[in-house]
Amino acid sequence: RKEGITPQDVVDKYHKIIKDSFEKFGISFDIYSRTSNKVHYDTASQFFRTLYEKGEFIEKESEQYYDEEAKQFLADRYITGTCPHCHKEGAYGDQCESCGTSLNATDLISPKSTISGSVPRMRKTKHWYLPLDKHEPYLRQWILEGHKDDWKNNVLGQCRSWLEAGEGLQPRSMTRDMDWGIPVPLPEAVGKVLYVWFDAPIGYISSTKEWALEKGLDWEPYWKDKETKLVHFIGKDNIVFHCITFPAILKTHGDFIL
């Protein structure tokens, strides 16, 4: 935005830089894809439609921060403030980079818009929430019992902090008011896109589809055969999304292994 370029310009530039860098290091991939490809848009949209048609979302009107100067709702990363946990300044509306705590924008102390620098105001908007609390008993058993011997201690510890903190898991919005991303595939959701941590992990599935199509292979056994094992190597701040949100989405869909 500051440079006067589009999000597409940004992802095109850095996709090439990172891809070229891997090649120079001698690192190769069966497929090096991206979540801005059409196959991913289609796959993520269908995931949302499936959960929607099964009645798995909670439709809820809530108040969200709105920048009156920029005339737009503010995505999580367009809001910064003081972290309510470690009290460091510069925490984002979805996460504090200092202590790693996952946040909601309304948790921030003294929030401000990163677009205009102004203090945002609350305005009503409707979104679709995944009831993580509904899946907590399953996730608790699957994570803390089913994987206690083969997941790293820090992964189990962070998951436990979510599952056992306060009131446990809470419904989380799977849509956002933004002009960049995958449009929510509902007529009444114009101007809204899928939450990045709803669609990003689905990129593993869409990349498998893309790879299989190029090879003339069937992608489905990789994600639907009960003998399939999925292994992630992830950074600390992505644990919650890979170990709680994504498994809840897959379990809710019902056709995929976890």
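Reader: What makes the sheet of 4 strands in the order β2-β1-β6-β7 an open one, and which strands are at its edges?
Author: The 4 strands form an open sheet with antiparallel pairing, and its edge strands are β2 and β7 (172–173), each of which pairs on one side only. Strands here are DSSP runs of E of at least two residues, and helices are runs of H or I of at least four, numbered from the N terminus. This is a predicted model in which local features need pLDDT of at least 70 and side-chain atom pairs count only at pLDDT 80 or more, while totals for chains, interfaces and linings use all residues. Residues are numbered from 1 along each chain, and side-chain values use heavy atoms, without hydrogens and water.

Reader: How do you know that β1 pairs with β6 and with β2?
Author: Two strands pair if DSSP finds at least two bridges between them. β1 (residues 58–67) has 9 bridges to β6 (residues 121–130), including Ser62 with Thr125. β1 has 2 bridges to β2 (residues 72–73), and Asp67 is partnered there by Gln72.

Reader: Why are α3 and α8 called roughly perpendicular?
Author: Helix α3 (residues 132–145) and helix α8 (residues 239–253) pack at about 105°, with axes 10 Å apart. Axes are lines fitted to C-alpha atoms over the stretch in contact, and angles run from 0 to 180 degrees between N-to-C directions. Angles under 35 degrees count as roughly parallel, over 145 as roughly antiparallel, 65 to 115 as roughly perpendicular and the rest as oblique. The two helices are therefore roughly perpendicular.
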